[in-house]
Amino acid sequence: MIISERIFELLREKGMTQREFSKLTGIAQSTICDWKRKKTNPAADKLMVICDALQVSPYELLSGTESGASREINYVMVDKASSDYFLLERYHALPQAARNRVLGYLEALQTVDRTALPEEQLPEDQSSREQQPEEQ
């Protein structure tokens, strides 16, 4: 099955019209019709916007299977405009010794004494125990 056939299959499954799909993706309706009529595939630069509109992973779109069904996902996609991307770029630019220090700092942050957290950040079971008066 070619990618465009998979797109039309997903449109049917989701009850989405080609017009709705066109509005969501910004891809001209005539282009979408060409995929069907000429049995061509969308340009590679459109795949992510198509996946977003159809709410599927690129793996699912390209393979026709759900990513979790056949293999474990061992990667993450990060928007270049996000703070996550900024942090990853900075981290990868560091020498290995500095990376190790950053990882150590992250581990330390994760093991911060939970009693130092404000009450609204405590797990429900801990905050409810603190609100009850102590029995004497």
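Residues 67-71 keep a pLDDT under 50 throughout. The model has six contacts for this stretch beyond four places in sequence. Residues 125-136 also stay under 50. Here the model has five such contacts, again beyond four places in sequence. This is a predicted model, so caution applies: where pLDDT is low, the predicted coordinates should not be read in detail.

Now take the chain as a whole. Its mean pLDDT is 81. Of its residues, 76% reach 70 or more. Confidence is lowest in helix α9, residues 124-131, with a mean of 47. Confidence is highest in α2, with a mean of 94.

Helix α2 is a good place to begin a closer look. It covers residues 18-25, and Q18 lies in it. Is Q18 buried, exposed or partly exposed? Its relative accessible area is 24%, which makes Q18 partly exposed, because that value falls between the 20% and 50% cut-offs. Which residues does Q18 touch, leaving aside its neighbours within four places in sequence? They are F8, L11, I32, C33 and K36. Take I32 from that list. It stands 14 residues from Q18 along the chain, and the two C-alpha atoms are separated by 7.3 Å.

C33, another contact of Q18, is a cysteine to compare with C51. C33 is partly exposed, at 36% relative accessible area. C51 is buried, at 2%. How many disulfides does the structure hold? The count comes to zero.

Next comes helix α1, residues 3-14, where S4 is found. S4 is buried, with a relative accessibility of 2%. Beyond its neighbours within four places in sequence, S4 is in contact with W35, K39, T40, N41 and P42.

The same helix leads to the charged residues. A search of the whole structure finds four salt bridges. R6 takes part in several of them, so follow R6 from partner to partner. R6 is buried, at 5% relative accessible area. One partner is E9, with the closest N and O atoms 2.3 Å apart. Both residues lie in helix α1. They are three residues apart, about one turn of the helix. E9 is partly exposed, at 23% relative accessibility.

E13 is another partner of R6. Their side chains meet in a salt bridge of 4.0 Å, N to O. E13 counts as exposed, with 55% relative accessibility.

E60 also forms a salt bridge with R6, and here the closest N and O atoms are 3.5 Å apart. This pair links distant parts of the chain. R6 sits in helix α1 and E60 in helix α5, residues 58-63, with their positions 54 residues apart in the numbering. E60 counts as buried, at 15% relative accessibility. Which residues do the shared partners join into one network? R6, E9, E13 and E60 are joined this way.

Last, turn to the surface. L94, V102, L103, Y105, L106, L109 and V112 form a nonpolar patch there. Together they have about 580 Å² of accessible area. L109 has its place in helix α8, residues 96-110. L109 counts as partly exposed, at 44% relative accessibility. A residue needs over 30% relative accessible area to join a patch, so L109 passes that cut-off.

Methods: Residues numbered from 1 in each chain as written. Predicted model: local features only at pLDDT ≥ 70, side-chain atom pairs only at ≥ 80, totals over all residues. Heavy atoms only, no water. Disulfide = S-S within 2.5 Å. Buried < 20%, exposed > 50% of the residue type's maximum accessible area, 1.4 Å probe, protein only. Helix = DSSP H or I, 4+ residues; strand = E, 2+ residues; numbered from the N terminus. Contact = heavy atoms within 4.5 Å. Patch = residues over 30% accessible without salt bridge, like charges linked within 9 Å, V, L, I, M, F, W, Y side chains within 5 Å. Areas by Shrake-Rupley, 256 points an atom, 1.4 Å probe, with all protein chains shown as cover. pLDDT = per-residue confidence, 0-100.
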